[in-house]
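Trainee: I would like a close look at a single part of this model, namely the disulfides and the chain around them. Please take them in order and then go on to the backbone and the pocket.

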Amino acid sequence: MIPTRAKHRSADRRPGGLRHVVRGRVFVSAVAVLIAAGTASSASAAIISTDDPTAEEQIATAIVEDAGQTDRRWSDVETMDSLLPERTAVAPETVKPEPAEVPEEEEPVEETTQEPANDDSSDQGTSVQVSGECSDYSGNKAIGCTMTLDRGYGMDQFQCLLNLWERESNWNESAYNSGSGAYGIPQSLPGDKMAANGSDWQTNPATQIDWGLDYIEGRYGDPCGAWSHSESVGWY
C-alpha cells in the first residue's frame, strides 16, 4: 500500500512542531500581505498553489482574501467633502494717499520807501548824517560823534562824552532809571525835559543827544567838563 503525501508529512513532523510551523507560516503570510496589498488575488494564488494545503496555509489564505476584500470595500466608499469652510483670500486694503495741498502763491508786496517830510519845525526832532571822521563808531555813538563835531568840538571832547554817557545809559535811548526817573541817553531828569528839542524825545537818539549837548554846554561848558564832574562826584 502506497502511503499518501499527507501521511508522509504528518509522519515527519515532530511532536509540538505544529505551533512553530503555524507561527512561521503566519509571519510569512503577513509579509506577503504587506508586499502584495494592491494585488491580493495574485498573492492568494501564490500561497494556495500547493495541491494539499495545510491548516495553517488555509488560515493564511483566508487572511489574504480578507485583506483584499477590505481594500475593495474602501475603494467603494465615495469621497466625502470637507466639513471645514473654505478660506477665501482677502486682498489687503490699500489706502490711497490724499493729494497734498498746494500752497497758494502769495502776491509780491511792493516795498515803498517813505520820503521824509520837508518840515523845518523843531517838533520833528533831529536827524543826523554820520561824519566820515566817526567811521570807527556805529549806532548811537556814531550819531553822538557827528553831532559833537558839528558843534565845533574835537575828537578829544567826544571821547569825554563817550565815557560820560557810557556810564550813564550805555548809549541806550530807552534807558530808564526806576529809582530817580531819569530817561534816555543823557539821563534827563525828568525825561520829558527833552521835549524842548523834539516831540520824539522818547525814541529818537538824535533828539536826546541834541538836548544833552545843550545841557552840558550850559552847565559845564563842554563834554570834558561834565566828565570831570562825574568822575569827582559820580553824577553830572
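Mentor: What follows goes from the chain as a whole to the disulfides, then to the loop after helix α6 and the pocket.

The model is predicted, and side-chain atom pairs count only at pLDDT 80 or more. The chain holds eight helices and zero strands, so a strip of the elements from the N terminus on reads α-α-α-α-α-α-α-α. Of the 236 residues, 28% are buried. The accessible surface of the chain is about 17600 Å², and carbon and sulfur atoms account for 51% of that area. As for contacts between residues at least 6 apart in sequence, 46% of them join residues at least 24 apart.

Now the disulfides. A disulfide is a covalent bond between the sulfur atoms of two cysteines. Searching the whole structure gives two of them. Counting bonded cysteines along the chain, the pattern is 1-2, 3-4.

One disulfide pairs Cys134 with Cys145, and the two sulfur atoms are 1.9 Å apart. Distant parts of the chain are linked by this pair: Cys134 sits in the loop between α4 (55–75) and α5 (139–150), while Cys145 belongs to helix α5, eleven residues apart from its partner. The disulfide is left-handed because the torsion about the S-S bond of Cys134 and Cys145 is about -75°. Both Cys134 and Cys145 are buried.

The other disulfide pairs Cys160 with Cys224, with 2.1 Å between the sulfur atoms. This pair also links distant parts of the chain: Cys160 is in helix α6 (residues 155–168) and Cys224 in helix α8 (residues 223–233), 64 residues apart. The angle about the S-S bond of Cys160 and Cys224 is 80°, and the link is right-handed. Which of its two cysteines is buried and which is partly exposed? Cys160 has a relative accessible area of 13% and is therefore buried, the cut-off being under 20%. Cys224 has 23% relative accessibility, so it counts as partly exposed.

Next, the backbone between α6 and α7. Most residues other than glycine have a negative phi, and most peptide bonds are trans. Asn170, in the loop between α6 and α7, has a positive phi of about 60° although it is not a glycine. Trp171 lies in the loop between α6 and α7, and its phi is positive too, at about 60°, although Trp171 is not a glycine. Trp171 has a relative accessibility of 4%, so it counts as buried.

Further along, Pro190 is found in the loop between α6 and α7 (205–219). The peptide bond joining Leu189 and Pro190 is cis, with omega about -10°. Pro190 has a relative accessible area of 41% and is therefore partly exposed. Ser180 and Pro190 are ten residues apart along the chain, and their C-alpha atoms are separated by 8.4 Å.

Last, the pocket. Rolling a probe the size of a water molecule over the atoms shows where empty space is left. The largest pocket holds about 270 Å³ of space. It is lined by 14 residues, and those closest to its centre are Pro186, Gln187, Leu189, Tyr215 and Tyr236. Leu189 is thus named twice here: at the centre of the pocket lining and in the cis peptide bond with Pro190. By type, the lining of the largest pocket has seven nonpolar, five polar and two charged residues.

Technical notes
Residues are numbered from 1 along each chain as its sequence is written. This is a predicted model: local features need pLDDT of at least 70, side-chain atom pairs count only at pLDDT 80 or more; totals for chains, interfaces and linings use all residues. Side-chain values use heavy atoms; hydrogens and water are left out. Helices (H or I, at least four residues) and strands (E, at least two) are DSSP runs, numbered from the N terminus. Buried means under 20% relative accessible area, exposed over 50%, partly exposed in between (1.4 Å probe, protein chains only). Contact means heavy atoms within 4.5 Å. Accessible areas come from the Shrake-Rupley method with a 1.4 Å probe; for residues, only the protein chains shown count as cover. A disulfide is a pair of cysteine sulfur atoms within 2.5 Å. On a 1 Å grid over the protein atoms alone, a cavity is a set of points where a 1.4 Å probe fits but cannot get out, and a pocket is an open set with protein on both sides within 12 Å along at least five of seven lines; lining residues have an atom within 4 Å of a point. Grid points are joined across faces, edges and corners, and a volume is the space filled by probe spheres set on the points. Ala, Val, Leu, Ile, Met, Phe, Trp, Tyr, Cys and Pro count as nonpolar, Asp, Glu, Lys and Arg as charged, and the others, Gly among them, as polar.
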